[in-house]
Every structure is written in C-alpha cells, then in structure tokens.
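Thank you all for coming. I would like to walk through one structure with you this morning, and I will put the sequence and the model on the screen before saying anything about them.

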Amino acid sequence: MSRTVLICDDAIFMRTMVGDILQQAGFEIVGEAETGVQAVEKYKHLRPDLVTMDIVMPDMGGIDAVREITAHDPAARILMCSAMGQQALVVEAIQAGAKDFVVKPFQPSRVLEAVNRVLAA
Amino acid sequence: MRDTARYAELFRTESRELLAEMDGALLALERAPVRAHVTTLFRGMHTIKGMAAAMGYDPVERVANALESRCEPLRAGEEPLNAAVISLLFDGTDVLRQCIEAVESGATEITAHVHRMIERLAVSLDGQAPAAPVVSEVPVAASLLGLPLPAAPDAASPDEREVAVRLTADCPLKGVRAMLVLAKLQRLGSIGTVTPPQPSWQDDGFEGAFTVTITSSTSEAQLEAAARSAGDVARVAVSAVLASGQRRLSAAVTRTVRIDARRLDALLELAGELVITRDRLLRTVEGPDYAVDSALVRVAHDTARLVRALQDEVLQARMLPVAQVFDRFPRLVRDIARELGKNVEFLTEGREIELDRSLLEAIGDPIMHLLRNALDHGFEDAATRRQTGKPVMGQLILRAVRDRASVVIQVQDDGRGIDRAAVLRKAHEHGLVTPTVHELTDAHLLEVVSHPGLSTTREVTSISGRGVGVDVVNTRVRALGGVIELETIAGEGTVFTMRLPVTLAIARALLVQVGDETYAIPAVHVIEAVDFDAHAQRLVGERRGITVRDEFVPLVPLSMRFREGRRRSLGEESLEPFFGEYVAIVESSGRRAALLVDALVAQQDIVVKPFDSVRGAAPWFSGATVLGDGSPALIVDVSSVV
C-alpha cells in the first residue's frame with residue numbers, strides 16, 4: 001500500500017513533472033487539482049497522505065487552500081511548490097500550516113527529500 | 001511500475017544489510033557496552049524507518065519507529081544499557097525482520113503480533129524515562145561498568161545551550177528554511193536569543209548561518225538531530241552557554257592554514273570533473289539499458305551525495321572577501337584624481353562580502369575601468385560643481401552587496417550624469433538605433449555606451465575616453481555569468497551595477513535542445529518550462545509573445561537568435577509566427593522572456609568554463625560546458641537574449 005498524493009498546480013507540465021518524480025519513488029497519485037477550490041474539495045474527498053501545493057493558482061491561491069485544508073484537517077501534510085522570488089509567500093504558507101517547501105525548477109532528489117521530511121515529521 | 005519495483009528491491013536489499021549490521025551491533029553490545037554500537041543500531045532503525053515511510057510499508061515503519069524511540073535515550077546516554085533492554089531490542093529487531101519479509105508476500109496489515117511488540121517497546125520506554133537522571137555527557141560505557149554517575153551540576157534545571165546552524169550553500173529560500181529549523185528546535189525547549197534576529201532572515205543578505213540559545217533538557221545529539229530534520233542543514237554545533245558568559249572552547253574554533261591558490265584551483269577543477277562523472281554514473285545506473293544491480297545503485301547514490309558535499313566544501317574554501325580587491329583602489333583613485341585635478345572622496349562599502357576567488361581576480365579590471373570612467377567623465381570640475389550648488393568635493397563609492405545568489409558591485413559617482421542627448425546623437429551617427437528612437441532608456445543607453453568604438457569625449461585623454469571602457473566591462477562581466485546595469489540622472493550622478501554569481505565554477509542548468517545542438521540555460525534564470533501552444537501566441541505592439549499567469553511574455557525563438565551574428569537594431573522584431581515544442585520562461589534584470597526550444601533535455605549541474613573576453617565573439621553565450629556524455633554545450637547568456 002503506497003502513500004497517496006494530491007498534486008495541486010495550474011500548469012500541466014508541473015503536475016506531470018511532480019507526478020513523475022513521486023510515482024517513480026513509489027507514491028500513488030490519487031488526484032490532481034488545477035485551482036485552490038479544487039484542491040480543498042479533493043482533499044476532503046480523497047484524504048491523501050500528502051499534498052503538493054503550487055502558490056499561484058487561479059480561483060483561490062495555494063496559501064488560502066492551505067488555510068482551508070488545515071482548518072478541516074490540522075494533521076494535513078502539505079508541501080509548498082514555490083518559484084524563485086516568492087520567499088514572502090512561502091513564509092505565509094508555512095505560517096498557514098504547510099510543512100515544508102521546494103523551489104522550482106524542481107530537482108527530483110530535493111523533492112523526494114522534502115516529501116520524506118514531511119511524511120517523517 | 002518498473003521504478004516502483006526497483007525501489008522495492010532496493011528497500012529489501014538495503015534493509016536486510018542494515019538488519020545484519022544491527023544484529024552485529026546487538027551481539028557486540030552484549031559483550032561490551034561500546035557506545036558506537038548503539039549509534040549503529042540507531043542509524044539502522046532510522047534508515048529503515050525512512051525507507052519504509054517512502055515506500056508506504058506501514059508495519060515496517062511503525063516497528064522501526066518504536067525501536068528508534070526506544071533507542072533514543074540509550075544513544076543520548078540518558079539511560080544505561082542492561083541485559084533486559086538488549087533482549088527487548090533483539091526481540092524488536094526480529095519482529096522488524098518479519099515485517100520486512102512480509103512486504104515481499106504483499107502483507108501490509110499490522111498484525112496483533114506486531115502491535116504487541118510496538119506496545120512493549122512503548123511501555124518499556126515510558127517506564128524508563130522518569131527514573132533515570134538526565135545526564136547527557138556521560139558515556140554509556142561508564143554507567144554500564146557500574147561506575148557511579150558524576151552528579152550533574154544542574155540535573156534538575158534544564159541547560160541553556162547554544163545551537164549554531166549553517167544551511168547548505170545551495171539551499172533555496174534560506175530564510176524560510178531557517179524558520180523551519182527554529183520550529184523544530186522550539187518543540188524541544190524554550191528559545192532565548194536568536195542571532196541574527198529573525199526578521200532579518202527574510203532579507204536578501206541572509207546567508208543561512210544563525211545561532212539560537214535554547215533552554216532544554218534534551219541531549220546535544222537530540223538538538224542536533226532536530227535541527228537537521230528540517231532539511232538543507234550543512235552544519236550544527238551545539239555548545240553549552242556557561243554562566244560566566246564565556247563560550248566553551250570546542251573543535252568549532254576556526255583555525256586557518258595557508259594554502260597555495262593553485263591547489264585550490266586544482267581541487268575545484270577535480271571537484272568539477274567529479275560532478276560530471278557523478279551525473280554520468282547516475283544516468284548509467286538509472287538508464288533503461290542497465291540491468292539493475294541494487295547494491296551498485298545505492299553506492300552510486302551515496303557517491304552522488306558525497307560529491308555534492310565535497311563540492312560545497314571546495315566552493316566554500318575558495319570564498320574571499322572583496323576587500324582583497326577593493327583595497328587596491330584608494331591609492332589609484334587618489335593618483336588619478338590628482339592627475340585630473342579633481343577633488344574626490346573615495347569610499348568603499350561591503351568589504352566583507354565574499355566572492356569566489358576566480359571571480360574576485362576577474363573583476364579587478366572592470367572595477368578599475370568604471371572608476372576611471374567616473375573620475376574622467378563623471379565628475380565636473382570644481383568651478384562647475386560650485387556653480388550648480390554641489391559640494392566641491394565629489395563622492396565616489398565602490399560598494400559590494402549580497403543579493404540572493406548574486407553579489408552586486410556598484411560604482412557610484414555624484415557627478416554630472418551621462419548626457420543622453422549627446423549619446424543619442426552619436427548613436428544615430430553610427431546607426432546604432434533606428435532613426436525613430438528619440439529617447440534612450442537606461443538599458444538602451446548602456447547598450448549604446450558599451451558599443452565598441454563609441455565615445456562621447458571630444459578628446460582622447462590618457463586615462464579613458466577611448467570608447468572601450470564600458471565595452472570591456474560589459475564583455476568581461478557577461479563572460480563571468482553576470483550582468484551589468486546602468487542608472488544615470490542628469491546633474492546627480494551615475495551608478496554602474498555589476499551583478500555577479502557568488503561562485504563561478506559549478507552551476508545548475510536546464511539543458512534544452514535547439515536544432516541538433518544542446519544548450520544550457522542557467523537555472524537561476526529559469527522560472528518554469530511549459531509546452532508551447534503555437535496558436536496561443538499574439539502580437540502586442542511589435543512583439544510576439546504568450547500570456548503566462550496573466551502576464552504578457554515576449555517570445556524569443558532561440559534557433560533564429562543563434563543564427564544571427566549579432567544583435568539587430570533596437571525596436572525591430574519579426575512579424576512571422578514562431579514554432580517550437582516548449583518554452584522556457586526566463587527572467588533577467590526584471591525582464592521576462594519565453595525562450596522557444598525543440599526539447600527539454602534535463603536539469604543538472606554543469607561546470608562553467610567562461611569564454612575569454614574576446615570582443616564580438618558569440619554574443620548569445622557566456623561560456624561553455626562539457627556534458628555527462630562528453631559532448632560540449634554552450635551556455636546561454638540569458639541577459640543578452642531577453
């Protein structure tokens with residue numbers, strides 16, 4: 001029984017890339033969300049072991065999605081996916097309850113290190 | 001699927017090896033209570049836990065976790081080892097082995113048997129904790145041999161410790177990572193002082209080194225483990241804060257030795273080659289042609305990790321403060337100013353900022369050029385300054401500032417500023433801008449003044465004005481992987497800004513294919529890479545572009561750019577639609593562009609070999625590299641293509 005992941009990003013490329021990295025490491029991608037609203041809905045429905053969350057998404061951004069998800073499930077394990085130059089937003093996301101972060105462009109080893117940290121904590 | 005199977009296989013082999021090591025350690029502990037064996041045991045449990053978590057093997061993870069927790073007080077030296085504990089650990093390890101074997105048959109449920117073991121471990125831990133005094137410095141061996149424990153001076157009150165943390169050099173968003181480290185420490189005790197103060201962590205200058213004091217009853221090892229668990233931590237040093245305020249002398253005291261600079265260069269060169277070889281090794285063992293030999297794959301990954309650490313250390317060893325170059329200039333500036341009869345005060349700022357020594361050596365000349373330019377053209381004579389109400393004494397500032405992954409070096413004067421009208425006239429004369437351009441922005445101005453052979457001084461002086469100054473600076477800085485910016489206000493002065501990478505040698509890059517060639521785009525400039533939809537491009541003004549996150553980003557077809565020998569005149573763009581498979585969105589000096597490429601190849605570390613600053617050569621590239629398969633690739637100079 002592998003760990004389940006919900007991937008939230010508005011770019012297909014990024015979803016595919018994160019998905020490939022995690023799938024290769026034995027995770028099961030149980031869902032994908034393109035907007036913050038979708039992310040919250042799918043989290044409630046799927047209860048994944050891990051969520052990867054883009055910061056900038058249409059229709060509710062990643063940070064608000066983190067707030068809503070942690071309000072619903074304080075134990076939610078959320079990994080922020082940030083671009084360069086979004087330091088202040090990442091700080092906000094961590095304060096909102098995200099557990100760790102990775103910075104684009106992604107390096108598979110860094111993504112997996114972060115994921116394992118989040119799951120081990 | 002193949003990959004999952006591969007990881008499962010890796011997990012099985014590795015955990016079996018670890019179990020064998022743990023058995024060995026337990027047997028050795030039965031004979032003699034040597035602390036190193038406890039460490040081996042602990043590490044094995046911890047590694048298995050981590051792997052099991054990654055694989056989703058619940059029972060394995062939970063048993064390993066229970067074992068690890070049970071071992072923690074032993075490892076920290078808080079609890080003496082005795083026969084009962086060792087026997088319990090033997091039993092626990094047996095159950096762990098059963099769980100690992102069960103994975104193979106597909107069983108992932110936690111059986112009653114497993115559950116009982118987890119409980120036994122937990123109960124034993126609870127029963128132990130309050131009984132034993134907390135003394136972190138006593139070696140396990142002493143207490144086992146029945147020696148009396150030295151009375152801990154303040155066993156009742158938790159110690160105040162100082163935890164010094166340094167994040168890895170390539171850690172992104174150091175300020176946020178530092179926050180995570182602090183949060184991990186906070187769980188173990190109460191935090192006292194934080195240096196530098198936390199608000200400054202989000203500043204660009206924060207380099208990931210900080211110290212906190214914590215009042216906590218946990219061991220040094222636990223504090224260190226907690227700090228490390230936040231990730232991207234290079235070093236942790238825990239030391240006691242003594243009542244007198246004196247720091248305990250420890251191995252952390254910096255000692256220095258002199259080393260021949262050529263040795264450092266050779267070391268870096270070798271580390272660079274090693275990085276390339278590492279990438280090739282990883283690609284080979286991960287490639288489809290390779291028959292999986294899990295032991296080899298594991299060794300390859302360990303090697304890769306060590307190479308990264310080695311690279312970090314070598315780069316760190318090469319950093320020198322810019323003062324080494326800055327300190328050459330006061331005398332030169334004074335002499336030149338005197339020769340020109342100008343009254344100038346010269347100031348340096350940020351002398352302590354560090355830069356790789358190869359960069360440091362390379363920036364001496366460009367700085368000299370800019371200082372000379374300022375002295376020669378920038379400053380008015382005393383009479384003019386007096387007339388315009390300026391202080392007679394001019395001010396020339398040479399400044400270094402750390403800004404994220406770059407070091408910014410500025411030469412600032414409070415002189416007359418560059419005469420835009422005169423430069424524009426010259427530009428028109430030389431046909432450097434289209435006749436329709438009537439005003440030069442700072443960026444255009446820089447381009448024109450750095451054009452070879454252009455000078456606005458009427459007479460050639462012995463000091464500068466030969467029209468090569470800015471040109472040479474621009475070429476040199478670009479060859480180093482940096483960019484140069486210019487800001488000038490008429491009557492108030494001019495600032496030349498050189499933005500340089502902190503280290504030169506090894507950089508992360510996105511490899512792309514354009515035509516038959518592979519090119520490297522430095523990852524610091526890459527925001528993202530996406531599929532290119534040829535129908536989505538539109539024309540805004542004279543530029544073709546696409547919309548990315550509600551923002552219009554101009555398209556740059558790399559294949560066309562690379563075919564052009566040199567930059568076309570300003571303000572002229574193709575009206576034909578562009579084709580390509582992918583775009584890499586890049587940013588340089590606040591400008592974005594979508595680079596059209598045929599394929600995305602990989603992301604990897606490359607060893608940068610900068611071009612010699614030959615004028616006019618390869619305008620779109622800042623250097624070259626050799627890829628893992630031995631083929632060369634040009635490094636795209638993002639600042640010149642956007």
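In chain B, which has 642 residues, buried residues make up 37%, and I should say at once that what you see is a predicted model. Chain B holds 19 helices and 23 strands. If we take the contacts in chain B with a separation of 6 or more, 71% of them join residues that are 24 or more positions apart.

Let me turn to the nonpolar interior. The largest nonpolar core has 94 residues, and those that touch the most other members are A:Val51, A:Met53, A:Leu79, A:Met80, B:Val60, B:Val63 and B:Leu185. The element that gives the most to this core is helix α2 of chain B, residues 35-55, with 10 residues. As an example from chain A, what does A:Met53 contact, once its neighbours within four places in sequence are left aside? The partners are A:Cys8, A:Ala39, A:Gly62, A:Ala65, A:Val66, A:Ile78, A:Leu79, A:Met80, A:Cys81 and A:Ala98. There is also another core, lying apart from the largest one, which has 44 residues, including B:Met368, B:Leu375, B:Val473 and B:Phe496.

B:Leu185, which I named a moment ago among the core residues, also takes part in a helix pair. Helix α7 of chain B, residues 174-186, and helix α8 of chain B, residues 220-228, have axes that come within 8 Å and cross at roughly 145 degrees, and the crossing of α7(B) and α8(B) is right-handed. On the α7(B) side the residues are B:Val181, B:Lys184 and B:Leu185, and on the α8(B) side they meet B:Leu223, B:Ala226 and B:Ala227. By class, the contact of α7(B) with α8(B) has five nonpolar residues, no polar ones and one charged.

Now the contact between the two chains. In this model 29 residues of chain A are in contact with 29 residues of chain B. Which elements of chain A give two or more residues to the side that touches chain B? They are α1 (12-24), α4 (87-96), β5 (100-103) and α5 (108-120) of chain A, and α5(A) gives the most, with six residues. The side of chain A that touches chain B divides into 18 nonpolar, six polar and five charged residues.

Next, a sheet in chain B. Six strands of chain B form an open sheet with mixed pairing, in the order β14-β18-β19-β17-β16-β15. Its edge strands, each pairing on one side only, are β14 (526-531) and β15 (538-540) of chain B, and the twist from one strand to the next averages 40 degrees. At the β15(B) edge, three bridges join β15(B) in the antiparallel sense to strand β16 of chain B, residues 543-548, and B:Leu539 has B:Arg544 as its bridge partner in β16(B).

Strand β19 of chain B, residues 591-597, is mostly covered, with five of its seven residues buried. Strand β18 of chain B, residues 582-588, runs antiparallel to β19(B) and is joined to it by seven bridges, with B:Tyr582 partnered by B:Val597. Strand β17 of chain B, residues 551-557, pairs with β19(B) in the parallel sense over three bridges, and here B:Pro557 has B:Leu596 as its bridge partner.

I will finish with some loop residues. Most residues other than glycine have a negative phi, and most peptide bonds are trans. A:Met60, which is not a glycine, has a positive phi of about 80 degrees; A:Met60 sits in the loop between β3 (50-54) and α3 (62-72) of chain A. Is A:Met60 buried or partly exposed? A:Met60 is partly exposed, because 16 other C-beta atoms lie within 10 Å.

B:Asp232 is also not a glycine and has a positive phi of about 60 degrees, and B:Asp232 lies in the loop between α8 and β4 (233-240) of chain B. B:Asp232 counts as buried because there are 22 C-beta neighbours inside 10 Å.

The peptide bond from B:Thr195 to B:Pro196 is cis, with omega near -10 degrees, and B:Pro196 belongs to the loop between β2 (190-195) and β3 (209-216) of chain B. Lastly, B:Leu81 lies in the loop between α3 (58-75) and α4 (83-104) of chain B, and B:Leu81 is buried, because 21 other C-beta atoms are within 10 Å. The C-alpha atoms of B:Leu81 and B:Glu30 are separated by 9.4 Å, although these residues are 51 residues apart along the chain.

Technical notes: Residues numbered from 1 in each chain as written. Chains lettered and ligands numbered in written order. Predicted model: local features only at pLDDT ≥ 70, side-chain atom pairs only at ≥ 80, totals over all residues. Contact = placed C-beta atoms within 7 Å. Helix = DSSP H or I, 4+ residues; strand = E, 2+ residues; numbered from the N terminus. Nonpolar A, V, L, I, M, F, W, Y, C, P; charged D, E, K, R; others polar. Buried ≥ 20, exposed ≤ 12 C-beta atoms within 10 Å, placed from the backbone. Axes fitted to C-alpha atoms, helices over the stretch in contact; angles between N-to-C directions. Left-handed = near helix turned anticlockwise from the far one by under 90°. Core = buried A, V, L, I, M, F, W, Y, C linked by C-beta atoms within 7 Å. Pairing = 2+ DSSP bridges.
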